[in-house]
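Colleague: I should like to go through the terms used for this structure one by one. Please set each value against its definition.

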Amino acid sequence: PTELGTFSSQCAEFCGLWHSRMTFTVKVVTPIDYLAWVKRTRKAALSITCNPTGTTLSLVAQNISWNANCLAVPGNTPFTVNVTNKDSGIPHNFAIYYSFFQNKKFFVSPKLTGPTGASFDVSGLKPRRYYFQCDVHGPSMSGAFIVK
């Protein structure tokens with residue numbers, strides 16, 4: 001970028017149905033402002049918490065966004081994730097990683113092109129904080145995955 005500011009944008013690669021609706025805003029900021037934003041975002045992500053309510057999770061993708069930013073399950077217990085993709089013609093998947101650096105993956109579902117849904121059985125995980133996301137859309141569709 002050669003100019004600071006906020007710009008209206010649109011996806012430039014034909015990647016499926018409703019391509020014309022894939023609009024977004026791009027903010028061009030200074031490197032110092034960008035690093036400050038990264039620090040704030042990571043700190044906020046680390047502060048998100050929730051408690052387990054059972055061994056079956058329901059996650060809905062709609063408008064290229066999840067309906068939850070925190071999921072929790074009991075530790076060392078197998079669980080099921082029901083994923084519903086309401087985004088017509090748009091693929092999503094569900095993945096659990098050690099952290100938002102995605103350095104170690106624990107579960108990755110196949111892509112589901114909406115509208116559709118599927119259930120996935122996942123082996124129990126050790127208690128700790130993990131990270132989940134749609135690998136197609138990355139951090140814009142992500143959250144904390146808590147195992148207690």
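Modeller: Ile96 stands opposite Phe132 in S11. This is a predicted model, in which local features need pLDDT of at least 70, side-chain atom pairs count only at pLDDT 80 or more, and totals for chains, interfaces and linings use all residues. Residues are numbered from 1 along each chain as its sequence is written, and side-chain values use heavy atoms, with hydrogens and water left out.

Colleague: What makes strand S7 and S11 a pair?

Modeller: Two strands pair if DSSP finds at least two bridges between them. Strand S7 (residues 95–97) and S11 have three bridges, in the antiparallel sense, so the definition is met. The strands themselves are DSSP runs (E, at least two residues), numbered from the N terminus, as are helices (H or I, at least four).

Colleague: How many bridges join S11 to strand S12?

Modeller: Seven bridges join them, and the two run antiparallel. One of the partners is Val147 in S12, which faces Arg128.

Colleague: Why is Cys134 called buried or exposed?

Modeller: Buried means under 20% relative accessible area, exposed over 50%, and partly exposed in between (1.4 Å probe, protein chains only). Cys134 has 0%, so it is buried. Cys11, at 22%, is therefore partly exposed.

Colleague: How do you know that Cys50 and Cys70 form a disulfide?

Modeller: A disulfide is a pair of cysteine sulfur atoms within 2.5 Å. The S to S value for Cys50 and Cys70 is 2.1 Å, so the term applies. The torsion about their S-S bond is about -85 degrees, so the disulfide is left-handed.
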